[in-house]
Protein chains: 2
Amino acid sequence: MTKKPYAVGIARRQQILEAAGELFSVRGYRGASMRDVAAQVNLTLAGVLHYFPSKEELLESVLQQRTDTSVPWFEQRWEETGSFRQTMMELAGRNMADPGMVRLFVTLSAEATDPTHPAHDFFVKRYRTSRELFSRTIERAQARGEVNSRASGPQLIAVLDGLQVQWLLEPSFDLAGELSRYLDTIA
Amino acid sequence: MTKKPYAVGIARRQQILEAAGELFSVRGYRGASMRDVAAQVNLTLAGVLHYFPSKEELLESVLQQRTDTSVPWFEQRWEETGSFRQTMMELAGRNMADPGMVRLFVTLSAEATDPTHPAHDFFVKRYRTSRELFSRTIERAQARGEVNSRASGPQLIAVLDGLQVQWLLEPSFDLAGELSRYLDTIA
């Protein structure tokens with residue numbers, strides 16, 4: 001008897017998180033209101049506030065749910081394929097299969113360059129962690145002779161981020177071709 | 001007698017454009033209202049609407065005024081310095097001297113990946129043009145033996161864009177060092 005409403009609550013919460021992720025990715029955090037989120041899931045504003053007392057808390061939950069799993073995923077696939085190059089291409093393919101997620105991170109990281117943005121600290125930390133993890137990955141690839149000494153973690157992240165902006169603006173943009181070309185330059 | 005009010009109008013218009021550029025760069029186009037712009041320049045909303053009848057027209061004027069002069073500037077400096085590498089480093093320095101402008105373009109291009117954003121077409125065209133121009137620059141640098149055959153215009157734009165996001169988030173990030181490292185990979 002108590003299980004059903006609980007399950008409904010979980011499902012509702014998840015629905016709100018998905019709608020908010022979608023809205024933030026398209027309009028940005030500042031361009032989307034709690035009323036917009038409520039309208040998207042057919043709830044009243046009070047209904048949404050019951051699950052997430054503020055827009056900031058909603059944003060935090062949206063970001064937490066999308067913890068970056070790229071690096072652990074990458075390490076495992078690299079182990080399996082034995083090729084840094086192939087694994088990087090697969091990582092790009094994985095992102096291209098989820099343009100909504102890419103758009104969410106491109107939009108929010110740009111907005112969050114403003115130090116007063118509620119996701120500013122999140123993105124500063126996220127990039128620090130990504131740089132550390134990808135720097136270690138690059139060092140390992142260098143030790144294995146798979147990439148040259150000029151490649152770097154921050155550079156790799158920048159290339160992917162930059163190519164993704166061009167691809168989001170124009171889906172016919174050859175992201176895979178350009179990434180492949182970059183991988184040739186560091187091979 | 002007629003000159004003075006005209007000059008006041010020009011100055012006022014310019015003041016509004018600068019305030020709007022600043023607001024859009026920090027809050028995004030969607031996160032900043034015409035009332036915010038008005039408050040910034042001590043005008044009423046009606047006062048701002050006198051110069052710019054809609055937020056879309058204001059955005060258009062903000063973007064038009066900041067036409068990308070990177071490539072003509074680049075070509076001229078390259079002629080003067082005789083070094084592709086040095087000129088790229090100077091271009092990055094030029095951007096770093098104007099973080100507000102960089103932030104404006106990072107924020108708006110991210111927002112504008114949404115096809116319904118009023119600046120969507122502007123950014124699609126802007127990136128097309130930049131890719132064409134930088135591709136020609138890279139070809140010239142290849143012909144002169146200054147960069148290798150794997151370098152490409154879209155790749156160069158992506159590296160700069162991506163490094164700039166990391167730098168805006170964390171001003172201590174070594175953008176120049178990372179760019180220099182990338183230039184080594186394509187030398």
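Helix axes that cross at 65 to 115 degrees count as roughly perpendicular, while angles under 35 count as roughly parallel, over 145 as roughly antiparallel and the rest as oblique. Keep that in mind for the chain contact below.

This is a predicted model, where local features need pLDDT of at least 70, side-chain atom pairs count only at pLDDT 80 or more, and totals for chains, interfaces and linings use all residues. Residues are numbered from 1 along each chain as its sequence is written, and chains are lettered from A in the order in which they are written.

Chain A averages a pLDDT (the predictor's confidence in each residue, from 0 to 100) of 93. The complex has an ipTM of 0.91 and a pTM of 0.92.

Now compare the chains. Turn chain B by 180°, with 0.0 Å of shift along the axis, and it superposes on chain A with an RMSD of 0.0 Å (least squares on C-alpha atoms of residues with pLDDT of at least 70 in both). That is the relation of a two-fold axis.

Where do they meet? In all, 39 residues of chain B are in contact (C-beta atoms, placed from the backbone, within 7 Å) with 38 residues of chain A. Helix 9 of chain B gives the most to its side, with twelve residues (helices are DSSP runs of H or I, at least four residues, numbered from the N terminus).

Look at the two copies of helix 9. Their axes, lines fitted to C-alpha atoms over the stretch in contact, come within 7 Å and cross at roughly 110°, on a scale from 0 to 180 degrees between N-to-C directions. Helix 9 of chain A and helix 9 of chain B are therefore roughly perpendicular.

Definitions and conventions:
Two residues are in contact if their C-beta atoms, placed from the backbone, lie within 7 Å.
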